[in-house]
Amino acid sequence: MSSRSIRDGKGHRAYRRAQAALKRRTRVQHLPCGHGSPSGWGCGEQIDTLLPKEHKRSFTADHDQALANGGRLVGQVLVPMHRDCNARKGDNATPEVWAAT
């Protein structure tokens, strides 16, 4: 998926607003890395929201379902994560478990 299709103006501003709101909520409520992640990613340690964005332990908002795996830019639950935890997660998809028949 090219970055142009993600940043075509359809939802990018809404995503940035949601990201900023999550960062404020993380700072006020002291949310840990991976808080609310349905797939369980994140280290669970506190996130310092005042670190510069280039720092490996800085705040980043994670899409639980990666954009590369068909996730949407807007409309997903955003999860607070450290930059290095998000990089470790990458675009790994949650495995689907099918019942034996």
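Helix α2 supplies the largest share of the lining of the largest pocket, namely six residues. I should say at once that we are looking at a predicted model. The elements that contribute two or more residues to this lining are α2, β1 and α3. In total, 25 residues line the pocket, and those that lie nearest its centre are Y15, R16, Q19, T60 and A61. The space inside amounts to about 640 Å³. What classes of residue make up the lining? There are 10 nonpolar, eight polar and seven charged residues.

Let me turn to the interior. The largest nonpolar core is made of 11 residues, among them Y15, L22, F59, A61 and M81. Three elements give two or more residues to this core: α2, which covers residues 12–29, β1, which covers 59–63, and β2, which covers 78–82. Which of the elements gives the most to this core? That is β2, with three residues. Y15 and A61, which I named among the residues nearest the centre of the pocket, are also members of the core.

One core member deserves a closer look, and that is M81. With residues up to four places away in sequence left out, M81 touches C33, G34, W41, G42, I47, S58, F59, T60, D62 and N86. Of these partners, C33, I47 and F59 also belong to the largest nonpolar core.

The last partner on that list, N86, leads us to another element. N86 is part of helix α3, which spans residues 83–89. Is N86 buried or exposed? Its relative accessibility is 17%, and because the limit for a buried residue is under 20%, N86 counts as buried. Apart from neighbours within four places in sequence, N86 is in contact with T60, A61, D62 and M81.

I now return to helix α2, where A18 is found. A18 has a relative accessible area of 35%, so this residue is classed as partly exposed. Along the sequence, A18 and G75 are 57 residues apart, while in space their C-alpha atoms are 9.7 Å apart.

Finally, please consider H30, in the loop between α2 and β1. What is notable about its backbone? The phi angle of H30 is near 55°, a positive value in a residue other than glycine. As for its surroundings, H30 counts as exposed because its relative accessibility is 56%.

Note on methods
Residues are numbered from 1 along each chain as its sequence is written. This is a predicted model: local features need pLDDT of at least 70, side-chain atom pairs count only at pLDDT 80 or more; totals for chains, interfaces and linings use all residues. Side-chain values use heavy atoms; hydrogens and water are left out. A nonpolar core is a set of buried Ala, Val, Leu, Ile, Met, Phe, Trp, Tyr and Cys residues joined through side-chain atoms within 4.5 Å. Buried means under 20% relative accessible area, exposed over 50%, partly exposed in between (1.4 Å probe, protein chains only). Helices (H or I, at least four residues) and strands (E, at least two) are DSSP runs, numbered from the N terminus. Contact means heavy atoms within 4.5 Å. On a 1 Å grid over the protein atoms alone, a cavity is a set of points where a 1.4 Å probe fits but cannot get out, and a pocket is an open set with protein on both sides within 12 Å along at least five of seven lines; lining residues have an atom within 4 Å of a point. Grid points are joined across faces, edges and corners, and a volume is the space filled by probe spheres set on the points. Ala, Val, Leu, Ile, Met, Phe, Trp, Tyr, Cys and Pro count as nonpolar, Asp, Glu, Lys and Arg as charged, and the others, Gly among them, as polar.
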